[in-house]
Amino acid sequence: MNPDRRRRPWSAPADDAEGQRNRALAAWIDHETRARLLVTRALEVAWMNEAARMLQADDDLFKVEGGRLATRSRALPRLMSQARADEARCLTAPGSDGRTWVLWAREVASAPNCLIGLTVQCVGGAVRFQALIETHLLSPSEGRIVEMLLAGHETGRIAQIMDVSLETVRSHLKRAYQKMGVRSRGELFAQALAFVVP
């Protein structure tokens, strides 16, 4: 990928008002502290800000090889494939040195040139959601399932880990959703991340 293209994703004449707004927006996003990328569903990187370039150099979560996103987390490609325009999808992923990464993905441009906006932030040590669990009076099983879901596990895998049926996991999750007042995984993540202190 051409580094100059990453820094200037839009090009317009200097006297064009829309071009000036686009360049200002690109500069603003480029200097944000959270890593931001625009990636196709095929994991081709269209653009990344300075924080994402620095994170790539860190090589803990991902790197870019031949213009494509190469990830260390199996959950990240799944998150990208599930991204939709109507709701930001989110998950946490473990990194090295006890770090935990919080990842958000949302479709920002639809077909034929589908682009996923990916935001990545490190939250330091292992993320625990004990305050969330206690605030909503979740049972130990509900809390454990919610934590595993937030860590990126699918319900089938959670059932395997806990050695219970898939229906039991779904039942606990349904009660947890009711207690928390959420209807979707995206709403669960939005509420849970309020309890994460970066």
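## Report on a predicted model

Val146 is placed in helix α6, which spans residues 140-150. The model is a predicted one, and the helix serves here as an entry point to its interior. Val146 has a relative accessible area of 0% and is therefore buried. Setting aside neighbours within four places in sequence, Val146 has contacts with Leu132, Leu138, Leu173, Ala176 and Leu188. Val169 is 23 residues away from Val146 in sequence, and the C-alpha atoms of the two are 9.9 Å apart.

**Overall make-up**

The secondary structure of the protein consists of nine helices and seven strands. Of its 198 residues, 41% are buried. Among contacts with a separation of 6 or more, 46% link residues 24 or more positions apart.

Mean pLDDT for the protein is 80, and 86% of the residues reach 70 or more. Among the elements, helix α8 (residues 166-180) has the highest mean pLDDT, 94, and helix α1 (residues 3-7) the lowest, 45. Residues 1-12 have pLDDT below 50, and in the model this stretch makes 18 contacts beyond near neighbours in sequence.

**Core**

The largest nonpolar core comprises 49 residues, and Leu37, Leu69, Leu118 and Val120 have the most contacts inside it. Leu69, again without its neighbours within four places in sequence, is in contact with Leu37, Val39, Leu43, Val45, Phe62, Lys63, Leu76 and Leu118.

Strand β1 (residues 35-40) includes Thr40. With a relative accessible area of 19%, Thr40 counts as buried because the limit is under 20%. Not counting residues up to four places away in sequence, Thr40 touches Met80, Cys114 and Leu115.

In helix α3 (residues 50-58), the buried residues include Ala51, Ala52 and Leu55. Arg53 in α3 is buried too.

**Positive phi values**

Most residues other than glycine have a negative phi. The residues in the table have positive values.

| Residue | Phi | Place |
|---|---|---|
| Leu43 | near 65° | loop between β1 and β2 (45-48) |
| Leu137 | about 55° | loop between α5 (130-135) and α6 |
| Asp59 | near 60° | follows α3 |

Leu43 has a relative accessibility of 14% and so counts as buried. Leu43 is also one of the residues in contact with Leu69. Leu137, by contrast, is exposed, at a relative accessible area of 66%.

**Cavity**

The count of cavities of 30 Å³ or more comes to one. The largest cavity has a volume of about 100 Å³. Its lining has 13 residues, and those nearest the centre of the cavity are Leu79, Gln82, Cys90, Leu91 and Arg185. At least two lining residues come from each of α4 (75-82), β5 (89-94) and α9 (185-193). By type, the lining of the largest cavity holds five nonpolar, four polar and four charged residues.

Methods:
Residues numbered from 1 in each chain as written. Predicted model: local features only at pLDDT ≥ 70, side-chain atom pairs only at ≥ 80, totals over all residues. Heavy atoms only, no water. Buried < 20%, exposed > 50% of the residue type's maximum accessible area, 1.4 Å probe, protein only. Helix = DSSP H or I, 4+ residues; strand = E, 2+ residues; numbered from the N terminus. Core = buried A, V, L, I, M, F, W, Y, C linked by side-chain atoms within 4.5 Å. Contact = heavy atoms within 4.5 Å. 1 Å grid on protein atoms, 1.4 Å probe; cavity = no way out; pocket = protein on both sides within 12 Å on 5 of 7 lines; lining within 4 Å. Points joined across faces, edges and corners; volume = space filled by probe spheres on them. Nonpolar A, V, L, I, M, F, W, Y, C, P; charged D, E, K, R; others polar. pLDDT = per-residue confidence, 0-100.
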